[in-house]
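Notebook open, coffee poured. I want to look up the overall build, the charged pairs and a few odd spots, in that order.

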Amino acid sequence: MFIMYNILDNLNKMIKEKVQIIKQRISLACSRTTQDASKITIVAVSKGRNFDQIKDVVEAGIIDIGENKVQEARFKYNTIRAGLYSLGRIKWHMVGHLQTNKAKEAVGMFDLIHSVDSLHLLAEIDKQARKISKIQDILIQVNLLNEQDKFGFKPEEMLEITEGTNKFKNLSIKGLMTIAPVVDDPQETSSYFRMLREIRDKINRLTNCRLNILSMGMTDDFEVAIEEGANMIRLGRAIFD
Ligand SMILES: *Cc1c(COP(=O)(O)O)cnc(C)c1O
């Protein structure tokens with residue numbers, strides 16, 4: 001028993017220490033730009049992780065939890081809601097592809113849906129949110145290079161899409177999300193992150209949308225993303241592995 005406690009204690013410390021190191025890395029990245037480290041939200045992507053790990057993350061001060069599948073999220077959300085783990089207020093983020101037939105459930109659970117990637121889905125989230133009198137916060141996912149294996153709108157569609165969302169009264173579009181193309185050179189990645197920022201700035205200039213959030217940067221590239229303006233980063237392995 002005694003040994004068991006020690007092991008758990010060490011695991012807990014490991015996540016806390018990792019979060020500390022991540023925060024230092026964020027500060028350092030911010031010091032190279034005009035970004036304010038306190039305005040950068042870390043979303044801990046907890047797919048495949050267990051409740052003890054989520055608890056450690058929350059205790060380390062991260063309350064934004066991301067999942068990429070509705071089914072797994074539902075189980076975690078319900079268990080935590082039922083009070084089996086008293087974690088205080090958690091903000092739930094949907095970061096994975098969302099099927100239209102799961103929109104209803106997603107609207108019931110998530111504070112922010114990052115992965116809105118089709119007109120169908122926009123309309124369905126709006127409809128489901130209206131049914132429960134919710135204004136659903138969303139991000140629009142952009143597929144910067146129009147890669148076959150990725151979801152999201154094309155960059156050149158973005159003005160029209162965001163303008164068109166005015167008619168969805170139960171949606172509040174907070175910003176944009178992307179998953180950067182996989183490249184060997186981090187400097188190349190930076191040009192993709194810059195592209196997303198430029199799309200956001202253009203939308204803000206030419207439409208009456210006011211987009212703030214740029215959800216970009218993961219374990220391998222979050223510092224580059226921050227240097228290009230990310231204010232929401234989605235971390236899995238950096239926190240849990
Ligand atoms: C898993 C996942 C992440 C986190 O990835 P890491 O590389 O482990 O940091 C971020 N965004 C999405 C959409 C994911 O599915």
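First, a term I need throughout: I call a residue buried under 20% relative accessible area, exposed over 50%, and partly exposed in between (1.4 Å probe, protein chains only). The areas themselves come from the Shrake-Rupley method with a 1.4 Å probe, and for residues only the protein chains shown count as cover.

Ground rules. I am working on a predicted model, where local features need pLDDT of at least 70 and side-chain atom pairs count only at pLDDT 80 or more, while totals for chains, interfaces and linings use all residues. I number residues from 1 along each chain as its sequence is written, and side-chain values use heavy atoms, with hydrogens and water left out.

**Overall build**

I looked up the secondary structure and got 9 helices and 8 strands in the protein chain. Helices (H or I, at least four residues) and strands (E, at least two) are DSSP runs, numbered from the N terminus.

I then checked the dimensions. The C-alpha trace spans about 60 × 45 × 30 Å along its principal axes. The radius of gyration is 18 Å, which agrees with the value near 18 Å for a compact globule of 241 residues. For that I take the radius over C-alpha atoms, and the globule rule is 2.2 Å times the number of residues to the power 0.38. Of the 241 residues, 49% count as buried.

**Salt bridges**

Side chains of opposite charge can pair when their charged atoms come close. My cut-off for a salt bridge is a side-chain nitrogen of Lys or Arg within 4 Å of a carboxyl oxygen of Asp or Glu. How many turn up in a search of the whole structure? I get 16 salt bridges.

I picked Glu228 with Arg197, whose closest N and O atoms are 2.8 Å apart. Glu228 lies in the loop between helix H8 (222–227) and strand S8 (232–235) and Arg197 in helix H7 (residues 186–206), so this pair ties together parts that are 31 residues apart in sequence. Glu228 is buried, with a relative accessible area of 11%. Arg197 is partly exposed at 24%.

Next I went to Arg237 and Asp220, with closest N and O atoms 3.0 Å apart. This pair links distant parts of the chain, 17 residues apart: Arg237 sits in helix H9 (residues 237–240) and Asp220 in the loop between strand S7 (213–215) and H8. Is Asp220 buried or exposed? Asp220 is exposed, since its relative accessible area is 64%. Arg237 comes out partly exposed at 41%.

I also noted that salt bridges sharing partners join Glu67, Glu72 and Lys76 into one network.

**Arg200**

Arg200 is found in helix H7 and forms a salt bridge with Asp201 (3.2 Å, N to O). Arg200 counts as buried at 13% relative accessibility, whereas Asp201 is partly exposed at 28%. I also looked at the backbone here: the C-alpha atoms of Arg200 and Leu211 are separated by 6.6 Å, with their positions 11 residues apart along the chain.

**A negative patch**

Which residues form a negative surface patch? I list Glu156, Glu157, Glu160 and Glu163. My patches take residues with over 30% relative accessible area and no salt bridge, joining like charges within 9 Å and nonpolar side chains (Val, Leu, Ile, Met, Phe, Trp, Tyr) within 5 Å. Lys and Arg count as positive and Asp and Glu as negative, with His and the chain ends not counted. I place each charge at NZ of Lys, CZ of Arg, CG of Asp or CD of Glu. From the patch I followed up Glu160, found in helix H6 (residues 158–164) and exposed at 65% relative accessibility.

**Odd spots**

Ser133 is not a glycine but has a positive phi of about 50 degrees. I find Ser133 in the loop between helix H5 (119–131) and strand S5 (136–141), exposed at 68%.

Asn146, also not a glycine, has a positive phi of about 55 degrees. Asn146 belongs to the loop between S5 and H6 and is partly exposed at 40%.

Last entry: Ser31, in helix H1 (residues 2–31). How far is Ser31 from Glu227 in space? I get 9.1 Å, C-alpha to C-alpha, for two residues 196 apart in sequence. Ser31 is exposed, with a relative accessible area of 57%.
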